[in-house]
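Work through the exercises below with the structure in view. Each task is followed by a solution in steps.

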Amino acid sequence: MTFIRTIKGTQDILPGQSHRWQALETTIRNIMDRYGYKEIRTPVFERTELFARGIGEETDIVSKEMYSWTDQGGENLTLKPELTAPVVRSFIQHNLGGQSPINKLYYIDALFRRERPQKGRYRQFHQFGIEAFGSEHPEIDAEVIALAMALFSNIGLTGLTLKLNSIGSPECRRNYRNAIRDFLTPHFDELSETSRNRFEKNPLRILDTKIPHEIEILNDGPNVSDSWTEEDKTHFNEVCALLDAMGIQYELALRLVRGLDYYTRTTFEITSTALGAQDAICGGGRYDGLVETLGGKPTPGIGFAAGMERILLALGEESSSSSTNQVYIVGLGDAVRPTVLELAENLRRNNVATEFDTLRRSMKAQMREANKAGVKYAILIGDQELASGQAEVKDLSTGDQQKIALDALVAHINSLPF
Ligand code: AMP
């Protein structure tokens, strides 16, 4: 039989790795609690139109990376390629804005994009992120950024850079778009085909280019700050002042426009020197027009999304053991089997993580297994122990051994230091 493998760009999270994911998820949940963000979970698939309208038809995600299909009922559906549009949809659908002037939400979820797979870039990957609805003021921008930085430092990520920009109000964006077009017109023939296509439809996306000679051309181009309105300037300066007050360092990145169409004013990205070409760990920004675009009442919003595979890559393989077992029962002989299972069940019911052998191996092999599992104590039961109503409890770190009555074993194990 031919063997059926995972689809390119997807990966299994194996038992040896899952504890790292769990640890990351636990930290995320703790920090979210601390900052007052509540979890929201949305379906794996949504109407294609939600993403087309929410993210923008001209973006890479919508134009070429979505997993979309028409179902048997003729509906156009898509596996979610990002979470902001679904969270905004849910926010509107359940009138969360009507119930509270401020809604601070977070998610941990799997996403799907048909990108070219490489290290740190997959077709199914995971993000956690937040979306804060209701405030247009710089305080929330600063809180969102502070949360991201606190979370990353809490999980031990180093070599981080926070890049900060404001892409301004819609009016500023319009002016900046024209300024970029005017600047690039004399260079049009030198641009790549992708950039030429973007020139008309969405010239700001040209700033995302990775092509060296285009980056060089753009070096002399206009900065978005030249097109900021007075309000944009005030907002940005206040965000900076609040970050300064919190002791959070940042770099100005006046070319950081980010790929999605819906951003307004504050945009930011966090990169890590621990990563290679795909060095962005987290990206976010303000999207004051998005709730309205998706059919809700005008509501300001700001959020970020962080890639979990990249965070784990940046953290590197640490040696921490995934074992939670505390006790291994070594049983010898057919007669002891029911006692071994009864004892294991009793211990487990009393919150002791317990393992025993199901391969009917020799005592030596079982002891080897107990050591491999990293347990602190082994309980040894053979025919002799069974007859005397006692078992040997062995401390595997010291080698000390003690005879304990079978009916006192659970209480004894529970009294031991782990
Ligand atoms: P975005 O939603 O594109 O703003 O991406 C936010 C974060 O998600 C990035 O900074 C990456 O850490 C991560 N990310 C984006 N695309 C991928 C991908 N294809 N594979 C793995 N991580 C990704």
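Axes are lines fitted to C-alpha atoms, for helices over the stretch in contact, and angles run from 0 to 180 degrees between N-to-C directions. The model is a predicted one.

**Exercise 1. Describe the open sheet and the helices that pack on it.**

Step 1. Helix α14, residues 363–372, lies across β12, β14 and β15, and runs at about 175° to β12.

Step 2. The open sheet has 5 strands in the order β13-β12-β14-β15-β16, with mixed pairing. Its edge strands, each paired on one side only, are β13 (354–356) and β16 (401–405). From one strand to the next the twist averages 25°.

Step 3. Helix α13 (residues 337–349) also packs on the sheet, where it touches β12 (327–331), β13 and β14 (377–381). The direction of α13 makes about 165° with that of β13.

Step 4. Strand β15 (residues 390–395) and β16 run antiparallel and are joined by 5 bridges. Opposite Lys403 in β16 stands Glu392.

**Exercise 2. Find which residues of helix α8 are buried and what covers them.**

Step 1. Helix α8 spans residues 193–201, and Ser195, Arg198 and Phe199 are buried in it.

Step 2. Seen down the axis of α8, the buried residues fall within an arc of 120°, so they line one face of the helix.

Step 3. The face turned away from the buried side carries Glu193, Glu200 and Lys201, which are exposed.

Step 4. The cover over the buried residues of α8 includes α3 (60–65), α7 (170–184) and α9 (212–219).

**Exercise 3. Classify two aromatic pairs and place them in the chain.**

Step 1. The structure holds 9 aromatic pairs. One of them, Phe45 with Trp69, is tilted, at 5.9 Å centre to centre and 50° between the planes.

Step 2. Phe45 is in strand β2 (residues 45–47) and Trp69 in strand β3 (residues 68–70), 24 residues apart. Phe45 is partly exposed at 44% relative accessible area, and Trp69 is partly exposed at 35%.

Step 3. For Tyr377 and Phe418 the ring centres are 5.2 Å apart and the planes stand at 90°, so this pair is edge-to-face.

Step 4. Tyr377 lies in strand β14 and Phe418 in the segment after α16 (409–415), so the pair ties together parts 41 residues apart in sequence. Tyr377 is buried, with a relative accessible area of 4%, whereas Phe418 counts as partly exposed at 46%.

**Exercise 4. State how the chain divides into domains.**

Step 1. The domain assignment gives domain 1 (15–169 + 250–318), domain 2 (170–228) and domain 3 (327–415).

Step 2. Taken over C-alpha atoms, the centres of domain 1 and domain 3 are separated by 48 Å.

Definitions and conventions. Residues numbered from 1 in each chain as written. Predicted model: local features only at pLDDT ≥ 70, side-chain atom pairs only at ≥ 80, totals over all residues. Heavy atoms only, no water. Pairing = 2+ DSSP bridges. Helix = DSSP H or I, 4+ residues; strand = E, 2+ residues; numbered from the N terminus. Contact = heavy atoms within 4.5 Å. Domains from an automatic or database assignment. Buried < 20%, exposed > 50% of the residue type's maximum accessible area, 1.4 Å probe, protein only. Arc of directions from axis to C-beta. Phe/Tyr/Trp six-rings, centres within 6.5 Å; stacked < 30°, edge-to-face > 60°.
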